[in-house]
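Here is a short tour to read with the model open beside you. Take it slowly and turn the view as you go.

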Amino acid sequence: MQATLTILGSGTSMGIPTLGCECRVCTSPDPRDRRTRASVAVQWAGHCILIDTGPDFREQALREKIRHIDAVLYTHSHADHILGLDDLRPLTFHHPNGHIPLYADEASAGIIERVFDYTFSAESKYPTRARVKMHLIEGHESITIHGTAFQRIPLLHGGQEVAGFRFGNAAYLTDMNAIPDSSLPLLENLDVVIIDALRKAPHPSHANIDQARMWIDRLNPRRAWFTHMAHEVHHADTECELPPHIRLAYDGLRIPFEL
């Protein structure tokens, strides 16, 4: 089945331009160098699944004309991946299921429910809170949404386990610097990989560009894109240094693939 993976945001936690910075990337006239916080939408046959809702989600959804969401999958609970949850509110009020299901591991779910206590608390009386329901997904579990399987892929983000996701012949692997051996069989025969590539210099919890290229070589997808990039990464200059099958993602990029 034909589907589209839309890059809602391709930037790091501080976003690009970064506040107070006048570097070459933060002042670049190239719209591809303007990066909101990392997130993607997977769309097929009228359905839409989000992976993460960062603090820029409202503007991303307006830009991409997202008017309906079937579910949200969370990679982990850092601020740049969850703080847009409240912006789901108007999309939940008339949802055919009465709520939007959210999927996260137990640790992430606990933090999300604590941060958004006024949404999840059984005692909350706030009449226009988001109508969402949390579901746990752990390990290598797979969930099926409207006939499409989303496979959780455990990754390492420094010392923390986070989730990537595989759907059809595509995988989204943000906020990671290592893939456990047990996850590698789940990433075979991929057409599309979206992978963390923070910058050229090493980082303790994100893949740098050389590490991202190493993981791409190991996974051997047909096409790959970098995401979660900081302001040290100039779009045009960096692409000139890469082989043709590896490109830089940018906000609004749409990638066709098969589910």
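## A β-α-β unit and two one-sided helices

Strand 3, helix 1 and strand 4 form a right-handed β-α-β unit. Right-handed here says that, with the strands pointing away from the viewer, the path from the first strand over the helix to the second runs clockwise. Helices (H or I, at least four residues) and strands (E, at least two) are DSSP runs, numbered from the N terminus.

This is a predicted model, in which local features need pLDDT of at least 70 and side-chain atom pairs count only at pLDDT 80 or more, while totals for chains, interfaces and linings use all residues. Residues are numbered from 1 along each chain as its sequence is written, and side-chain values use heavy atoms, with hydrogens and water left out.

**The strands.** Strand 3 runs parallel to strand 4 (residues 71-73), joined by 3 bridges; strands count as paired if DSSP finds at least two bridges between them. Leu-50 has Val-72 of strand 4 as its bridge partner. Strand 3 also pairs with strand 2, antiparallel and over 5 bridges, and there Trp-44 stands opposite His-47. The hairpin of these two strands has 2 residues between them, and Ala-45 takes a positive phi near 45 degrees. Of the 5 residues of strand 3, 4 are buried (buried: under 20% relative accessible area; exposed: over 50%; partly exposed: in between; 1.4 Å probe, protein chains only).

**The helices.** The table sets out the two faces of each helix.

| Helix | Buried residues | Exposed on the other side |
|---|---|---|
| Helix 1 (residues 57-64) | Phe-57, Gln-60, Ala-61, Glu-64 | Glu-59, Leu-62 |
| Helix 6 (residues 209-219) | Ile-209, Ala-212, Trp-215, Ile-216, Leu-219 | Asp-210, Asp-217 |

Why do the buried residues of helix 1 share a side? They cover an arc of only 95 degrees around the axis, which puts them on the same side of helix 1. The arc is that of the directions from the helix axis to the C-beta atoms. For helix 6 the buried residues cover an arc of only 125 degrees, so they too lie on the same side. An α-helix has 3.6 residues a turn, so residues three or four places apart point the same way.

The cover over the buried residues of helix 1 includes strand 1 (2-9), strand 2 (39-44) and strand 14 (254-258), where contact means heavy atoms within 4.5 Å. Those of helix 6 pack against several elements, among them strand 11 (192-196) and helix 7 (235-240).

**The ends.** Lys-65, just after helix 1, takes a positive phi of about 55 degrees. Asn-220, which follows helix 6, has a positive phi near 60 degrees.
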